Number of protein chains: 2
Amino acid sequence: MPSLTEQIETWLKEQLIRSRENILEIKRGELAQEFDCVPSQVNYVLETRFTVERGYLVQSRRGGRGYIRIIKLEMDLPERLRHLRDSIGPSISQGRAEGILLHLAEEGLLNRREKRVLQAAISRDNLKVDLPLRDMIRARLLKAMLLALLGE
Amino acid sequence: MPSLTEQIETWLKEQLIRSRENILEIKRGELAQEFDCVPSQVNYVLETRFTVERGYLVQSRRGGRGYIRIIKLEMDLPERLRHLRDSIGPSISQGRAEGILLHLAEEGLLNRREKRVLQAAISRDNLKVDLPLRDMIRARLLKAMLLALLGE
DNA sequence: TAGATAAAGGTCAGGAAAGGTCAAAGACCA
DNA sequence: TGGTCTTTGACCTTTCCTGACCTTTATCTA
């Protein structure tokens, strides 16, 4: 049985696909009711699963007629690579790096094998270097590998 | 009377066979209860009996709805990986690493894209770390990436 | 139209539910 | 009796979920 978080994540992504659009608008309260949980659970899902690294933008408005809007980002490859390079920067945590991989994989830019390889290369367990340096090596490797893979 | 470790090992392997699949998912806590032992005993069994050496891959996740997943590798792979691991050793030069990649590519175990990624990851220009350490990181990464790639 | 009220969504800390690590004690065997 | 393999338990980290309390926005009403 998948966790609540996973169920909500899946549901939202399905809605996005089913609607054939890149925008989905929901009511936090209604969604929470649907899944029989507290509203802040929805925030948790959004914060952990719909981040920019993973290719989503979340906007919202409070008050009467409030809403939460989830936008799936789409860019062409060259733009994407530039953007990736910038967002990786000189140093990157494992968590953020994994978000990027997930995102690329979901878009079909990385197949399962490739994702696994990259994943292995950025894992702290494999890098085994102390912290400020580790995140810097990871950033360099990730950028180089993505360039090798995506940038003909 | 076989040791606890052996009992658990046997039980897990039986489950793997019985399920007719190469993947088995368990809860550490439940298993420990079943065998009336501390949970960390399960880790010990996994560490000593379900290693890559012996043809297994173990994945896990913590937190709510956590799990431990044991994956049985294809028949001839463990042998292959053992050999690779030995030939890489604890430290490897860029030249020798490239030789290995070339060899694997020739054998068709690596396609062009994959080779490019690995190549990028082991390049001294991307690692950018001073020398004794660089070759050690390269060795760890190469082994981990190949394992990720070949260990379905 | 200013202020009250209702109707959203946001934040954050805490607790629960996993699994991980490590060192020390115990058991077994050569 | 020394060394290796097992077993245990204390403590740690990660992930998920909840609830109390806060802020923002729209709408209604005097």
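Q: Buried means under 20% relative accessible area, exposed over 50%, partly exposed in between (1.4 Å probe, protein chains only). Is B:W11 buried, partly exposed or exposed?
A: This is a predicted model in which local features need pLDDT of at least 70, side-chain atom pairs count only at pLDDT 80 or more, and totals for chains, interfaces and linings use all residues, while side-chain values use heavy atoms, with hydrogens and water left out. Residues are numbered from 1 along each chain as its sequence is written, and chains are lettered from A and ligands numbered from 1 in the order in which they are written. Because B:W11 has 25% relative accessibility, its class is partly exposed.

Q: What is the arrangement of the aromatic pair that B:W11 and B:F35 form?
A: Rings of Phe, Tyr and Trp (its six-membered ring) pair if their centres lie within 6.5 Å, with planes under 30 degrees apart counted as stacked, over 60 as edge-to-face and the rest as tilted. The search of the whole structure finds four such pairs over all chains. For B:W11 and B:F35, the centres are 6.1 Å apart and the planes stand at 80 degrees, an arrangement called edge-to-face.

Q: How many residues apart are B:W11 and B:F35?
A: Their pair links distant parts of the chain. B:W11 sits in helix 1 of chain B, and B:F35 in the loop between helix 2 (28-34) and helix 3, where helices (H or I, at least four residues) and strands (E, at least two) are DSSP runs numbered from the N terminus. The two residues are 24 residues apart.

Q: Is B:F35 buried or exposed?
A: Let's look at the other partner of B:W11. B:F35 has 15% relative accessibility, so it counts as buried.

Q: Why is the pair of B:F50 and B:Y56 edge-to-face?
A: The ring centres of B:F50 and B:Y56 are 4.8 Å apart. The pair is edge-to-face because the planes meet at 65 degrees.

Q: What is the relative accessibility of B:Y56?
A: Its partner B:F50 counts as buried, at 2% relative accessibility. B:Y56 also counts as buried, with a relative accessibility of 7%.

Q: How much of DNA strand D's contribution near the protein is sugar and phosphate?
A: A residue is near a molecule or strand if one of its heavy atoms lies within 4 Å of it. Of the 27 residues around DNA strand D, those that come nearest are A:T5, B:T5, B:S40, B:Y44 and B:R49. Among the atoms of strand D that come within 4 Å of the protein, the share of sugar and phosphate is 63%.

Q: Which residue has a backbone N or O atom 3.3 Å from a base oxygen of DNA strand D?
A: A polar contact to the DNA is a pair of N or O atoms within 3.5 Å; within protein, one must be able to donate a hydrogen and the other to accept it, and residues adjacent in sequence count only if both atoms are side-chain atoms. Phosphate oxygens of strand D are reached by side-chain N or O atoms of A:Y44, at 2.7 Å, and of B:Q41, at 3.0 Å. The base oxygen, in contrast, is reached through the backbone of A:G63.

Q: Which helices each supply at least two residues of the surface near DNA strand D?
A: Both protein chains take part in this surface. From chain A and from chain B alike, the helices are helix 1 (4-18) and helix 3 (39-49).

Q: What share of the DNA strand C atoms within 4 Å of the protein is sugar and phosphate?
A: Around strand C there are 28 residues, of which A:R28, A:S60, A:R62, B:R28 and B:N43 come nearest. The sugar and phosphate share for strand C is 63%.

Q: How far is a backbone N or O atom of B:G63 from a base nitrogen of DNA strand C?
A: A backbone N or O atom of A:R28 lies 2.8 Å from a phosphate oxygen of strand C. For A:G63, a backbone N or O atom is 2.9 Å from a base nitrogen of this strand. For B:G63, the distance to a base nitrogen is 3.0 Å.

Q: Which strands of chain A each supply at least two residues of the surface near DNA strand C?
A: Helix 2 and helix 3 of both protein chains each give at least two residues to this surface. In chain B, strand 2 (56-61) and strand 3 (67-72) do likewise. In chain A, the strands are strand 2 (56-61) and strand 3 (67-72).

Q: What percentage of the residues in chain A is buried?
A: Chain A has eight helices and three strands, in the order α-β-α-α-β-β-α-α-α-α-α from the N terminus. Its C-alpha trace spans about 45 × 30 × 30 Å along the principal axes. Of its 152 residues, the buried share is 43%.

Q: Which residues in helix 6 of chain B are buried?
A: At the start of this helix, a side-chain oxygen of B:N111 comes to within 3.1 Å of the backbone nitrogen of B:R113. Within helix 6 (residues 112-122), the buried residues are B:E114, B:V117, B:L118, B:A120, B:A121 and B:I122.
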